[in-house]
Structure formats: C-alpha cells, structure tokens
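Student: Please take a close look at one part of this model, the place where protein and DNA meet. I would like one connected account of it.

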There are 2 protein chains.
Amino acid sequence: MNNYSKQREIILDVLKQNLIHPTAEEIYQLVIKKNPQISKSTVYRNINILVDLGIIQKISLSTGPDRYDYLYKKHYHAICDKCGEIYDFYYDFDIGQISNELHKEEIKMDVSKIEIHGICENCKSKNY
Amino acid sequence: MNNYSKQREIILDVLKQNLIHPTAEEIYQLVIKKNPQISKSTVYRNINILVDLGIIQKISLSTGPDRYDYLYKKHYHAICDKCGEIYDFYYDFDIGQISNELHKEEIKMDVSKIEIHGICENCKSKNY
DNA sequence: TTCAAAATTAGGAATTATTCCTAATTTCAT
DNA sequence: ATGAAATTAGGAATAATTCCTAATTTTGAA
C-alpha cells in the first residue's frame with residue numbers, strides 16, 4: 001500500500017476541493033468527470049487507504065451511506081441523526097482532559113474524532 | 001405507531017438485559033430464543049421505533065453493522081474505528097456550553113449523543 | 001536501463017445490512 | 001362486538017460496500 005497512482009491523486013484532489021462531506025458515490029461522480037476510466041471499486045479502495053493513512057476522515061451516519069471529509073482546519077461534526085446533515089463545528093474540546101478520563105476508565109485510545117449527534121430543528125418541526 | 005405488541009416487549013427486554021451494544025442480528029438471535037416465531041423484519045422495525053422514541057440509542061460504526069444501546073445510566077461511547085469495539089465512557093461533557101457554541105455557529109440542534117472516536121491500543125499495535 | 005516483484009487497476013460478481021411489500025392477524029377505542 | 005389502525009411473518013428487493021481476477025503500472029535493485 002502506497003505506490004503512486006494517477007487515480008489516487010485524482011480522488012484526493014476531488015476530496016480536497018469538495019468540503020461538503022461527499023459520499024463515495026458523489027466522489028465517484030466527480031472523479032469520472034476528470035477521468036471517465038476510473039472504476040468505482042478503485043474509488044472505494046483509495047478512499048479506504050486515505051482514511052487508514054489519516055489523510056481524510058470517514059463519517060458513518062445512521063441514515064444513508066458513509067461520508068468523507070478532508071480537514072484543512074481542525075473541526076468537529078454536528079450530525080442530524082434524522083436527515084444526516086453534517087455541520088462543521090469549531091470548538092475547543094479539551095482533548096487532554098478527555099484522554100485522561102479515558103485512561104482512568106482503562107480505555108486506551110487516542111482521540112481522533114468527536115461527533116455531536118442530535119436532531120436538527122428542521123427535522124424536529126416535522127416531528128417524524 | 002405505538003400499539004402494544006408482545007414482540008416489541010420481548011425486543012425491548014432483550015435490549016435491557018444486554019448492555020453489550022448488540023447488533024440487530026444479535027438482538028434477533030436473542031429474541032428468537034424467547035419466541036422463535038418473531039421475524040427479523042419485526043426486530044428491525046421495532047428497533048427503529050424504539051430509537052425514534054428515544055428509548056434506545058443507535059450507534060453507527062465505520063466497520064460492521066449498526067449497534068444498539070439501552071442507557072440505564074447516562075454515558076458516552078468511545079469507539080475504535082478499526083475493530084468497532086465500543087467502550088462505555090462516563091464523563092461530564094458541558095452540554096450547555098456545547099449547545100451555546102452550536103447556537104453561535106447557527107447550528108440548531110439538541111445534543112442527544114456524543115461519540116469519541118479513535119484507534120484502540122490493540123489495533124494500533126497490530127499496525128494495519 | 002532492465003526486469004522481476006509488488007502494488008494497483010477496471011470491471012463485474014458477491015456479500016451484507018437493511019428496508020420494503022403484502023396479506024393475515026392483533027390491538028384498540030368505542 | 002366491531003371496524004379502523006397498527007402490527008406481524010416471511011420473503012423479495014434494494015443499497016452500499018467489498019471481493020475477485022487477470023491485466024497493467026510502479027518501483028527499486030542490479
């Protein structure tokens with residue numbers, strides 16, 4: 001894992017240029033505009049590699065397909081569990097303190113992501 | 001939505017008795033031990049109803065199927081994005097302050113869930 | 001530069017998790 | 001007791017993602 005390929009470069013470019021948390025399908029649609037040859041499995045495989053390398057972030061929703069994010073600037077996500085809307089949220093969580101608490105509870109894990117979940121106002125007013 | 005049914009009662013009982021964040025399949029397997037007639041679609045439908053009612057919580061993972069949790073006591077989840085392990089995490093997030101910050105950023109949402117993500121020590125040592 | 005090993009690809013099949021469909025049954029309010 | 005509304009079992013359908021394979025590309029050591 002890690003040889004140069006034109007395909008992976010295009011996929012990462014698309015992610016850098018689209019900060020709207022696209023799905024794999026949306027990334028694929030944008031990628032084939034630049035090179036129609038690239039297959040969907042290549043898109044999935046490279047997305048996963050980029051996630052593993054920590055270059056992009058995967059956001060799994062309770063509704064609909066996974067979404068992906070290239071983080072230019074550190075931020076968190078506020079996610080509506082009803083409609084799946086993802087809002088970028090700039091906040092200063094005290095990661096050090098959270099890590100200490102995790103450690104106290106014998107949970108040994110580096111914090112890489114914090115997600116805030118709820119139901120957005122729009123969905124609430126529709127009272128599903 | 002909300003008529004009494006024996007099936008829903010069994011499903012909720014299983015969730016109350018199993019605080020190991022079971023998947024729908026695991027819930028189904030436990031449910032049919034109590035009543036082998038109950039179908040998987042009934043399990044899925046009722047799980048979703050219980051989530052909508054806020055009685056149980058759904059946890060969507062980047063690896064594997066969704067998991068469910070009946071919260072006797074308020075807590076958060078620390079999730080390994082590699083192996084999918086979910087650790088209960090007792091911590092006192094300042095929800096009021098987080099809500100204020102969300103509001104400042106025009107994100108109108110009640111916080112119902114906060115998830116901490118990372119890679120657990122075990123997975124890290126295997127350095128996938 | 002050459003060339004074999006390792007990595008990557010396209011394309012499609014397979015798998016997995018979940019939702020949807022339908023006719024029959026159950027629950028509920030009167 | 002009765003009709004409307006909700007729920008059910010069972011299986012089909014769908015959606016998202018991974019897996020498979022043979023061909024191609026990339027890499028780096030000689």
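Tutor: Start with a base: a polar side-chain atom of Ser41(A) lies 3.0 Å from a base oxygen of DNA strand C. The model is predicted, and the distances are computed from it. Two other polar contacts go to phosphate oxygens of the strand. In one, the partner is a polar side-chain atom of Arg8(A), at 3.0 Å; in the other, a polar backbone atom of Gln37(A), at 3.4 Å. Three elements give two or more residues each to the surface near DNA strand C: helix H1 (6-17) of chain A, helix H3 (40-52) of chain A and helix H3 (40-52) of chain B. H3(A) gives the most, with four residues.

Now take the surroundings as a whole. There are 20 residues around DNA strand C, and those that come nearest are Asn2(A), Ser5(A), Thr42(A), Arg45(A) and Tyr44(B). On the DNA side, sugar and phosphate make up 79% of the strand's atoms that come within 4 Å of the protein. Sorted by class, the surface near DNA strand C holds twelve polar, five nonpolar and three charged residues.

Chain B has appeared beside chain A, which leaves the relation between the two chains. A turn of 180° with a shift of 0.0 Å along the axis lays chain A on chain B, with an RMSD of 0.1 Å. The two copies are therefore related as by a two-fold rotation axis. Both copies use the same surface, as 100% of the contact residues of chain A recur in chain B. Within chain A, the residue that comes closest to the rotation axis is Glu115(A), whose C-alpha is at 2.5 Å.

Definitions and conventions. Residues are numbered from 1 along each chain as its sequence is written. Chains are lettered from A and ligands numbered from 1 in the order in which they are written. This is a predicted model: local features need pLDDT of at least 70, side-chain atom pairs count only at pLDDT 80 or more; totals for chains, interfaces and linings use all residues. Side-chain values use heavy atoms; hydrogens and water are left out. A residue is near a molecule or strand if one of its heavy atoms lies within 4 Å of it. A polar contact is a pair of N or O atoms within 3.5 Å; within protein, one must be able to donate a hydrogen and the other to accept it, and residues adjacent in sequence count only if both atoms are side-chain atoms. Ala, Val, Leu, Ile, Met, Phe, Trp, Tyr, Cys and Pro count as nonpolar, Asp, Glu, Lys and Arg as charged, and the others, Gly among them, as polar. Copies are superposed by least squares on the C-alpha atoms of residues with pLDDT of at least 70 in both. Contact means heavy atoms within 4.5 Å.
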